[in-house]
Amino acid sequence: MHDEDLDRDNALVLRVAVGDHDAFAEFYDRWSGRLLALIVQILVDRAQGEEVLQEVFLEIWRSASDFSPDRGSARAWAVTMARRRAIDRVRSSQAARDREDRWHGYMPDMDLTVQAVEDRIVGQEARRALDAVGEPQRSTLVMAYFTGLTHTEIARRTGVPLGTVKTRIRNGIARLRKEMGAES
């Protein structure tokens with residue numbers, strides 16, 4: 001990351017500390033995709049990742065006055081916060097599973113086995129369908145939905161116009177739906 005980007009992020013968080021909504025929106029735009037990708041790497045579950053991301057940005061809004069560029073960058077501050085929240089969610093989920101396991105005692109839960117098999121089958125179907133979509137739509141979809149890059153970041157990274165990125169995503173999703181038998 002360039003020094004100007006670090007300086008910009010630090011300045012945005014300092015403005016958020018005094019209640020600047022526009023600065024908050026810009027910081028969100030700059031970091032939400034990357035933080036979501038980090039959180040989803042830890043949690044694996046995108047829906048839970050989105051919930052944690054909301055919690056992180058609420059915490060950023062509420063605690064921006066605690067941020068000091070002398071102690072580190074806004075980037076490090078936000079990443080640490082996101083990582084900590086995601087790990088807390090994993091621990092909380094594990095504690096809930098442990099409580100449930102103690103409650104059920106020694107009885108096996110056949111529904112969990114069936115669910116695991118169904119999840120594996122769906123995952124294999126999704127990977128096959130994604131492979132069938134072909135390039136360049138496949139790699140564009142991966143960048144957008146699995147690495148958390150924004151359309152603008154994808155355009156910059158691939159060197160293609162923003163409109164082309166959006167078209168690739170739209171066409172890729174349509175092809176993915178067709179491959180998975182979900183045409184509408």
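A salt bridge is taken here as a side-chain nitrogen of Lys or Arg within 4 Å of a carboxyl oxygen of Asp or Glu. The structure examined is a predicted model, and by this rule it holds 14 salt bridges.

A good place to start is the pair formed by D9 and R30, whose side chains meet in a salt bridge with an N to O distance of 2.6 Å. This pair joins distant parts of the chain, since D9 sits in helix α1 (residues 3–16) and R30 in helix α2 (residues 21–43), 21 residues apart. The two partners are set in contrasting surroundings: D9 has 0% relative accessibility and so counts as buried, whereas R30, with a relative accessible area of 22%, is partly exposed.

The salt bridge between D20 and R15 has its closest N and O atoms 2.9 Å apart. Here D20 is partly exposed because its relative accessibility is 21%, and R15 is partly exposed as well, at 32%.

Further along the chain, E59 and R85 meet through their side chains in a salt bridge of 2.8 Å, N to O. This pair, too, links distant parts of the chain: E59 belongs to helix α3 (residues 46–63) and R85 to helix α4 (residues 74–104), with their positions 26 residues apart in the numbering. E59 has a relative accessible area of 16%, under the 20% cut-off, and therefore counts as buried. R85, at 27%, is partly exposed. Neither residue stands alone, for E59 and R85 are part of a network of salt bridges that also takes in E51, E55, R84 and R89.

Attention now turns to the nonpolar side chains. In soluble globular proteins, such side chains tend to be buried together. In this model, the largest nonpolar core has 24 residues, of which F27, L35, I39, V56, F57 and I60 touch the most other members. Helices α1, α2, α3 and α4 are the elements that each give two or more residues to this core, and α2 gives the most, with 8 residues.

What does F57 contact, once its neighbours within four places in sequence are left aside? Its partners are F24, F27, Y28, W31, S32 and L35. Two of these partners, F27 and L35, also appear with F57 among the core residues that touch the most other members. A second, separate core contains 11 residues, including L130, A144, L149 and I169.

Definitions and conventions. Residues numbered from 1 in each chain as written. Predicted model: local features only at pLDDT ≥ 70, side-chain atom pairs only at ≥ 80, totals over all residues. Heavy atoms only, no water. Helix = DSSP H or I, 4+ residues; strand = E, 2+ residues; numbered from the N terminus. Buried < 20%, exposed > 50% of the residue type's maximum accessible area, 1.4 Å probe, protein only. Core = buried A, V, L, I, M, F, W, Y, C linked by side-chain atoms within 4.5 Å. Contact = heavy atoms within 4.5 Å.
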